[in-house]
Amino acid sequence: MSNSSPISTIFVDFRTAFDQLWFDGCIGKLRCLGIPPAYLNWIYVWLLDRRSFIEINETRSRWFNIDKGCPQGSVLSPTLFKTYNCDLGSSLSSCTSHLFADDLAVIVAGQLGIKYSYQCLDLEKRIKIFIDHLEYYSYLTDQPINTYKTQALSTARAIGHPKFDIHFNSGSKEKINWVPEYKYSALTISPINGDIYVATTDTTDTSIYVLNKNGEQINKFNASNFSPPLSQPTALTMDKTAERLYIADRNDSTTGRIFVINSQTGRQLQVYINSNIYRPTAVIVDVNLNVYVADMATNCIIALTSNGTLIRTYTNSLYNPQGLTFAPYASLLLSDTLNNRLVLFDVVSAKVLQIYSSHDPVLIAPRLVALLNSGDIYVNSLTDDIGYNILKKLTITNSSANVTQIINPKPHFDFPVGLAVDTKNQIYVTDGNIPYGYIHMFASNGTELGRIYTNNPPLKNPHGIAIDLQGDLYVADSGNVRVIKLLINGTIIQNYQTTPPLQYVYDVKVRDDGVVYISDTECACVYQLTNDGRQLAVIKLETQQRLVDLLITLYPSSASSDPDLLVTMADPFSPQVNRYASNGTLIAGYTIPLSASTSWTPYASVIDEKRRWLIVAESGGRIMFFDL
């Protein structure tokens, strides 16, 4: 959201999840994970041959077999359930997923760097893809989805819910309801005996449940036990002795408050009500029983004494503070969520000691990259206020990247989608302005030299751009379904045709000897033509049917007489850069390791032959370097 991209969070409810564990499927996954056969046999025997009956008013049914589900009350059951679903994240790789017990939250974001209306269309497409994969996973694992309890939350700078419906089962009447907010349970664990305190915010049951380490309920504190009644508990914590339980409670009608109760009996000891506490999101307490509250509405931390007197507030242009904890040397560490940073405060003085954020240079939604002879690179980025695109020149070393030039034309870029640099370090940027397009031309010092237009027809949504040794330009004119060669004055000197005809041309590259490569996303292929337009080959990319944003790079360089092709796979389910032989055979793939625990969306790439680097612009805000 901080990058102006609309975001939807889908809260998925699996129907009686723990009762749906498929025995054979679970054992199969354990086997694939390398669990020894002796343990597998023991677990299998433990799961099988369970029987049960139903008793109503002292009348029992006949015995029946239980063919699925985790045995209730066993410490092994939660572990089996988590293991059974350990591949859920990889099955839903188009999004960010968080699974806690049987609660699944999935975050789907629209594409960065494009207009908001296009972002919403892209978000709708991504959500539909996610639903398809979720239903497929549900079918394979025999875990039905409770469609009526699954909900969606929209987060965007625009007002109101999205204008599209999310349907299950390929357009059936079952659809996910959009909700204005979604409430999760708050939880804390006793540091003394390990008891678990869980706050529920169900409309019919707002309570604090106390569970032992085996998950068995041992107590319950009802909302009516509190004065005023408990409304929407958002966070729990305990003091060092575990005698007092602190409950952050959000109340939509008035201000928020912090309750203090006896952790064993539930008896209310105190309630803190302060004008600075409105939407509390986190609460902690120190050894002197001073209370610290993070509030997302007032965007500050409030410190109170044990009797509720205000000590001080901590702020530093915070935006939706969430997590809060103590750090060494009398300091507070806060997660400043929508500013994408951590802030460390001195407890006594409230001064900011340190701000932890992404390292400079800050890149927002980079999609394009071009390499200079010096080894520096140009990359596009949104401005800090997400207003428009600029170009940044980065000087790269093995340990750092420094911004050494910024190109910010007036008027601004509309939607830059192609970037190339000629032998004189002049820069060319295709701009997919609607309804037409043009090419920006800059000198090496960043001065804009002019804009290149074409006539009959004018450029329409141009994408990829390349430059040959003579300085002629090659443009993938996507809206006109053509690739053209033109002079810098806009005169078209060649219009390339293919067999079969182009469907959706996306990128173009040219070898030093003049051979042209054209990518088409619809057929997942690359056409190879002579410079005068004679078709040499249709390179069908192995294992691919259709590609999204098919960007190509010649490997190892345009000077090669028979280069391999590096093709960016911006597909949300398998993002990577693939290397293909000149006949389309897949040779290798470049991607980030699963251990990185992060997602990425690769776009344009270049090769630094001197340092043997593959440099990839990644729209999540990074430039990725791969050792070739």
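# Two helices and two strands in a predicted model

Reader: At roughly what angle do the axes of helix α1 (residues 23–32) and helix α2 (residues 37–47) cross?
Author: The axes, which are lines fitted to C-alpha atoms over the stretch in contact, with angles from 0 to 180 degrees between N-to-C directions, come within 11 Å of each other for α1 and α2. This is a predicted model, whose local features need pLDDT of at least 70 and whose side-chain atom pairs count only at pLDDT 80 or more, while totals for chains, interfaces and linings use all residues. Residues are numbered from 1 along each chain as its sequence is written, and side-chain values use heavy atoms, leaving out hydrogens and water. For α1 and α2 in this model, the crossing angle is roughly 165 degrees.

Reader: Are α1 and α2 roughly parallel or antiparallel to each other?
Author: The two axes cross at roughly 165 degrees, and an angle over 145 degrees counts as roughly antiparallel. The relation of α1 to α2 is therefore roughly antiparallel.

Reader: Which residues in α2 do Phe-23, Asp-24, Ile-27, Leu-30 and Arg-31 in α1 meet?
Author: To meet here is to be in contact, with heavy atoms within 4.5 Å. On the α1 side, Phe-23, Asp-24, Ile-27, Leu-30 and Arg-31 take part, and on the α2 side their partners are Leu-40, Ile-43, Tyr-44 and Leu-47.

Reader: How many of the residues of α1 are buried?
Author: The buried residues of α1 (under 20% relative accessible area with a 1.4 Å probe, protein chains only) are Phe-23, Gly-25, Cys-26, Ile-27, Gly-28, Lys-29 and Leu-30. Their cover includes α2, β5 (64–66), α3 (76–84) and α5 (116–141). The helix is largely enclosed by the rest of the structure, because the number of its 10 residues that are buried is 7.

Reader: Which residue just after α1 takes a positive phi?
Author: Just beyond the end of α1, one residue has a positive phi of about 90 degrees. That residue is Gly-34.

Reader: How many helices and strands does the protein chain have?
Author: Helices (H or I, at least four residues) and strands (E, at least two) are DSSP runs, numbered from the N terminus. In a protein chain of 628 residues, 49% of them buried, the secondary structure comes to 5 helices and 49 strands.

Reader: With which side chain does the side chain of Asp-564 make a polar contact?
Author: Asp-564 is in strand β44 (residues 564–569), and it counts as buried because its relative accessibility is 14%. The residues that Asp-564 touches, apart from those up to four places away in sequence, include Thr-553, Leu-554, Tyr-555 and Ile-587. Its polar contact (a pair of N or O atoms within 3.5 Å, one able to donate a hydrogen and the other to accept it) spans 2.9 Å and is made with the side chain of Arg-579.

Reader: In which strand is the place of Arg-579?
Author: Arg-579 touches Asp-564, Leu-565 and Leu-566, among others, and its contacts also include Tyr-590. The strand that holds Arg-579 covers residues 576–580, and it is β45.

Reader: How far apart in space are Asn-578 and Tyr-590, C-alpha to C-alpha?
Author: Asn-578 also lies in strand β45, and at 2% relative accessibility it counts as buried. Its side chain makes polar contacts with the side chains of Gln-576 at 2.3 Å and Tyr-580 at 3.2 Å. Although Asn-578 and Tyr-590 are 12 residues apart in sequence, their C-alpha to C-alpha distance is 6.2 Å.

Key: Buried means under 20% relative accessible area, exposed over 50%, partly exposed in between (1.4 Å probe, protein chains only). Angles under 35 degrees count as roughly parallel, over 145 as roughly antiparallel, 65 to 115 as roughly perpendicular and the rest as oblique.
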